[in-house]
Amino acid sequence: MRGNVRGHVGGNRAGEMWGGGVGGERCGGGRYNPGMASQFIAVRGAREHNLKSVDIDIPRDQFVVVTGLSGSGKSSLAFDTIYAEGQRKYMESLSAYARQFLDQLQKPDIESIEGLPPTIAIEQRSASHNPRSTVATTTEIYDYLRLLMARVGQPRCWHVDDKTGKTCGRPIERQSATQIIDAVTAMDVGARLMLLAPLIRGKKGHHKEVFEAMKRQGLVRARVDGKVMDLRDIKGEGPFKTKTQRYQQHTIEAVIDRVVIRAKGEEGDEDARTRIADSIELALKLAEGRVVVSQLKEGASASDDAAWSDTLYSEHYACEVHPECSLDDLEPRLFSFNSPHGACAKCGGLGNVLEFDAELIVPDTSLGLGEGAIEPFRKNGKRMNVYYARVLRKFCRDFDVDPNEPFKKLPKGVTRILMHGTNARDEAKYDTDFEGVLPGLQRRWESTDSEFVKARLHDYLSEAPCESCGGARLRTEALHVFLEQKDKDAQPQNVNDVVALNIEHGVAFFEGLNLTKEQEQIAEPILKEIKARLGFMMSVGLGYLNLNRGTGTLSGGEAQRIRLATQVGSGLVGCCYVLDEPTIGLHQRDNARLIETLRHLTDIGNTVVVVEHDEDTIRAADYLVDIGPGPGRHGGEVVAAGAVSEVMAHPTSLTAQYLVGEKKIAVPGKRRALEHDKAIVVQGARQNNLKNIDVTFPLGGLVCVTGVSGSGKSTLVNQILLRAAKKEVNKSKVRIGEHDKITGLKHVDRIIEVDQSPIGRTPRSNPATYTGIFDLIRKLYSQTKQAKIRGYEPGRFSFNVKGGRCEACQGQGVKKIEMHFLPDVFVTCETCKGKRYNRETLEILYRGKHISDVLDMTVEEAREFFENFPKVTALVNALYEVGLGYVQLGQSSITLSGGEAQRVKLATELGKRQTGHTLYVLDEPTTGLHFADIDRLLTVLARLADGGNTVVVIEHNLDVIKCADWLIDLGPEGGDRGGTIVATGTPEDVMKKKKSYTGAFLKGHMKG
């Protein structure tokens, strides 16, 4: 294998060449050789974003890792150049008609790419937020499962006894007319049978028309409520002449024939069989596919109605005892919650419904009804507040309630009436009625036309499992089709039970199915696809995920690995896969399995290009490309490329310096003394897979929550700790994960959540607007002499409102031109030349720069420009300290990565005055960060902790873990086998715990 890289120091195309590839060979010159097409992806003159005319030959069918500082140009090369050009070329192969329906990609700024195979991008982005999208549907496992249930599932009767509350559960079978005839003629010789057509089953009425219809068809007998009658004796209203009989439930069956089973070969046997066949076919016709075969007990009299035992046969799936519990043909759509044929009618297949939540309606149970315990009753207009106060006064009077009695001390019966309203027994007892708070709010929600009222009431709604389906999403019929296991002690599972399993347990379930030989042949191709997909997800470390887990709840790394597993399952050959940090959210223990999966793609003949910072992944690469040397405009060059050993020998590669140990993130010499006596203590945490654990978060330092993927870290921190803190400190209306009690939150006065969600969803949002820097800058420009003379206010310098912006492009600087079947073209606005503002606004200068020049400045440049303005400098310095010196102040937020967005949020908080009692919660802040960036991030986190604040971090990165003051290690495994505390203490303490995977890896890392 040979590689050719042309590095351009300072943009000089005649710069030094380094790293000829594995084996040290080089391809001469910089020109592309057509014979190399099968060996290399030859990139020439790549200038996308900050790339400085990069030339590089990336070997095909190899595992290629692109690394470098955050913002150095890795994604620009891998995604915006290689992937974008591969997709664009594929799009061009389609017809103009097809292209108009696809999102077209702009041609990247590049001279040429040769030898480029079809490209597939598997990006690090949030999964679909569609509530109908689950792990099973995304991976197509659910499609195959629906087919499996329809072909080999066993339906059972779902009738519930009104008295006992028990479900019938009898197997529901379907038989053809021929099968029914064979079953009847195969009965014991001499058996006396009565063939009946069930016409009415358990229905009230006199049913006069039924008897008349039987007479017209020449029938002479009927069995009514178990007694055989002669139709010739039934006149007028039929046998139900009294009023009492008319309003009772009745069963009416037409007697088609009475026969005796003869021995085969006996005289008259053939005629008897023909007669039975004709009678059964007639009964099936009259009773819409059902026939009752009643057999007389041996030795009993035919006139004894109790001596007959019935067997129901049906051409449909129907219960022999409860024929109303019937199914048409079992079809895959019956098991689809996205189809009206299978979805629960009440929730529409979502599994949840929005309901008014008592916890949100009564947030403070220490208040009495007269003191405003019912929050939505006091946050209205004056007229409605008076009305609700009158309603509560009447309630207190009618039900003998002290209006100052705390809500939590009210008797349970009174609380039930208050929240849900009175029933018949309550009305008889108290001689009054009350609608109830929850039904009243529901009625108002459904009847109001006011958007303001709906918006206000929406704050008190939360999702609750659907009462009809119990959160299973499907209608009752679908939930009573089962698959059985070979293990006799195992309960049959319906489709909801199966998707409730995690992937690891799902593998065992499908291996243990109990099928007949015929069913095995039918199920074989279906099970092959299901098992393959489950196996692929196990191989990328996702065995802990439940199949019914909503994809909107997955992290970016989990969603990316699911897409990766799907691609591995497709078995495509000759493609170029481009991945963005697939190790995000993955514990070091699972790295080897992920790398093995990626190698499988290359082994079958694909090229895998991975943008990655993880050390294990970097060292496993066949070919390593280091982009740099710095971020932003200081990067965009290939610093080194070749085999890992060659890059590690490069003298100026920052990545190499960390790999060989020349530079390292040092272990703190001394851990901070944490405040254990003022700790936040979570008691009885049992949300999701947490096993009723008690967890202590000491204050005043860096606390790191670790553990394998799926061990319960995000559940503990985000769903319980963070939500409880927001509710306590910010009085926010959020539902907290299940737990018993949380203490210690009184020691915290601010809650800051720093996650990776975008800082804005429109191109108009940027770091300057998000951090508040732009408000200060606009105010500064309005204070200039020329602005005062013209009377310009700060609003004049906003590109979001009329006045100072360019109206031709509405302050965007570019215009979007729709090109039908070609990609949309963004052209620079001719009026403002991309400056966003009109001419008059741009005439206002500060230190020779107008407002548009400021937006084009990088954070690094802005530090010097605004050095005389402390408020601006404080925020700009905060951005610089978190490693965003290369980002432009006006850079569109939609172009920022998740890691960059997270650091912008962190910088925003750094620029504010610190109280020393703030709780910071960060979820994997090292996403997208190089070793050097992590070093800088740790300096920032240390600064926060040194100020007396508490920083709680969910993290897998060992450099962050080793610098923490306190570790909370969850596990030992993911999913059902996780959710317990494996170890707590300093990193040195956790290293000593033999059961801790984190401790084992940490021990090796700290020694190294």
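Trainee: Is Glu558 buried or exposed?
Mentor: This is a predicted model. Glu558 has a relative accessible area of 9%. The limit for burial is under 20%, so Glu558 counts as buried.

Trainee: Which residue forms a salt bridge with Glu558?
Mentor: The closest N and O atoms of the pair are 4.0 Å apart, and the cut-off is within 4 Å. The partner is partly exposed, at 28% relative accessibility. It is Arg549.

Trainee: Which residue is joined with Arg589, Asp590 and Arg593 into one network?
Mentor: The network arises from salt bridges that share partners. Besides Arg589, Asp590 and Arg593, it takes in Glu973.

Trainee: How many salt bridges does the structure hold?
Mentor: The pair Arg549 and Glu558 is one of them, and the pair Glu85 and Arg88 is another. The total for the structure is 47.

Trainee: Why are Glu85 and Arg88 separated by about one helical turn?
Mentor: Their closest N and O atoms are 2.8 Å apart in a salt bridge. Glu85 is buried at 3% relative accessible area, and Arg88 is buried at 13%. The separation is about one turn because, within helix 1 (residues 74-92), Glu85 and Arg88 are three residues apart.

Trainee: Which helix holds both Glu212 and Lys208?
Mentor: The two side chains meet in a salt bridge at 4.0 Å, N to O. Glu212 is partly exposed at 35% relative accessibility, and Lys208 is partly exposed at 31%. They are four residues apart, about one turn, in helix 6 (residues 208-216).

Trainee: What is the strand order of the open sheet of six strands?
Mentor: Pairing in this sheet is mixed. Strand 27 (750-754) and strand 33 (980-985) each pair on one side only, which makes them the edge strands. The order is 27-30-31-25-32-33.

Trainee: By what angle are neighbouring strands of this sheet turned against each other on average?
Mentor: Direction is ignored in this figure. The average is 15°.

Trainee: What is the bridge partner of Leu922 in strand 31?
Mentor: Strand 30 (residues 918-923) pairs with strand 31 (residues 950-954) in the parallel sense, over five bridges. In strand 31, Leu922 is matched by Val953.

Trainee: What angle does the direction of helix 23 make with that of strand 27?
Mentor: Helix 23 (residues 713-730) packs on the sheet, its contacts including strand 25 (702-707) and strand 32 (966-971). Strand 27 is also touched, and the angle to its direction is about 145°.

Trainee: Which helix lies across strand 25, strand 30 and strand 31?
Mentor: The helix runs at about 140° to strand 31. It spans residues 931-946 and is helix 32.

Key:
Residues numbered from 1 in each chain as written. Predicted model: local features only at pLDDT ≥ 70, side-chain atom pairs only at ≥ 80, totals over all residues. Heavy atoms only, no water. Helix = DSSP H or I, 4+ residues; strand = E, 2+ residues; numbered from the N terminus. Buried < 20%, exposed > 50% of the residue type's maximum accessible area, 1.4 Å probe, protein only. Pairing = 2+ DSSP bridges. Axes fitted to C-alpha atoms, helices over the stretch in contact; angles between N-to-C directions. Contact = heavy atoms within 4.5 Å.
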